[in-house]
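Here are a few notes to read alongside the model. Have a look at the structure first, then go through the points in order.

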Amino acid sequence: MTREMGSAAAASLGAHFAEIGAVLTSATSGAIEPGRVVRFGARILPGTEHCGLTLIRAQHPPRTLAASDPLPEQVDALQYAVGEGPCLDAASEGVELTGDLEGDDRWPVFGPSCVERTGVHSMLSVRLTVTGSDLAALNFYTRDADAFGDEAVDVASVLAPFASLSVEHALRVQDSSNFEAALSSSRQIGTAIGIIMARRLVTSEEAFDLLRATSQRLNRKLREVAAQVEQTGELPEPRRTGQPASGTAAAG
């Protein structure tokens, strides 16, 4: 009997794995999007109603990278606010499973508050493997008590590698975007420094000091001031009372 049950479970997991691979990698880009993972997870995991992805990056607050609907974000926001909960623990420790959040003494603040505010009683969270110091977890939620059993844990473990790939993809896109923005800002600042050096016959250090002082005086970001210098060839000056906005001709 046990062997038959084991064979059935293995066959079921194999079918889940094949379906997950086919569905999540069907995008034309070949990348697995976090949104696809959570929507699929909410549909396929036995007993669940909702699914979400928690991401924790060094020197940044935890955030929900993707959610199948608004409820995971509501639950996660409570965890992030009080600093405890299955998603946070699973991201660093492994698998967290509960069918009674209200009475679970692992999360005495989050649990009762979650039940009261969202009605969620059961959660299953699985750690995801991501590179570097980043942490992540794949999370499942339902309002039913004791909703998740061994099969749910098994299916979540099969889905987890695909979820990890989706997180890695999202992080690469984010880091690339941040790098390009920083590179663009650096180029603008360098151009602005060159313009100031040529116009005012000062050194690069003096030009940068002028740029920074103008940024502070106008309470504007350095890259915004640099962009204006690049466009106009001059450091912007504080607007005087009654002075028309830039580009607007004065009356008379």
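1. Where does Glu102 lie? Keep in mind that this is a predicted model. Glu102 sits in the loop that runs between strand E3 (95–98) and helix H5 (110–118). That makes a handy place to start, since Glu102 also belongs to a negative surface patch. The other members of the patch are Asp100, Glu116 and Asp146.

2. Next, the sheet as a whole. E3 is one of five strands in an open sheet, and reading across it you meet them in the order E2-E1-E5-E4-E3, with antiparallel pairing. E2 and E3 are the edge strands, each pairing on one side only. On average, neighbouring strands here are turned by 20° against each other, direction ignored. As background, strands of a sheet pair through backbone hydrogen bonds, either parallel or antiparallel.

3. Now for the E2 end of that order. Strand E1 (residues 50–56) pairs with strand E2 (residues 63–67) in the antiparallel sense, over four bridges. If you want a pair to find on screen, try Thr54, whose bridge partner in E2 is Thr64. E1 and E2 form a hairpin, with six residues between them. Look in the turn for Gln59, which has a positive phi of about 65°.

4. How many bridges join strand E4 to strand E5? There are seven, linking E4 (residues 122–128) with E5 (residues 135–142), and the two strands run antiparallel. Ser122 is a good landmark here: Thr142 in E5 stands opposite Ser122.

5. Last, the salt bridges. The structure has five of them. One to pick out is Arg57 with Asp134, where the closest N and O atoms are 3.2 Å apart. This pair connects distant parts of the chain, with the two positions 77 residues apart in numbering: Arg57 is in the loop between E1 and E2, while Asp134 is in the loop between E4 and E5. So much for the tour; if you revisit one spot, try Arg57 and Asp134, the salt bridge that links those two loops.

Note on methods:
Residues are numbered from 1 along each chain as its sequence is written. This is a predicted model: local features need pLDDT of at least 70, side-chain atom pairs count only at pLDDT 80 or more; totals for chains, interfaces and linings use all residues. Side-chain values use heavy atoms; hydrogens and water are left out. Patches are made of residues with over 30% relative accessible area and no salt bridge: like charges are joined within 9 Å, nonpolar side chains (Val, Leu, Ile, Met, Phe, Trp, Tyr) within 5 Å. Accessible areas come from the Shrake-Rupley method with a 1.4 Å probe; for residues, only the protein chains shown count as cover. A salt bridge is a side-chain nitrogen of Lys or Arg within 4 Å of a carboxyl oxygen of Asp or Glu. Lys and Arg count as positive and Asp and Glu as negative; His and the chain ends are not counted. The place of a charge is taken as NZ of Lys, CZ of Arg, CG of Asp or CD of Glu. Two strands pair if DSSP finds at least two bridges between them. Axes are lines fitted to C-alpha atoms, for helices over the stretch in contact, and angles run from 0 to 180 degrees between N-to-C directions.
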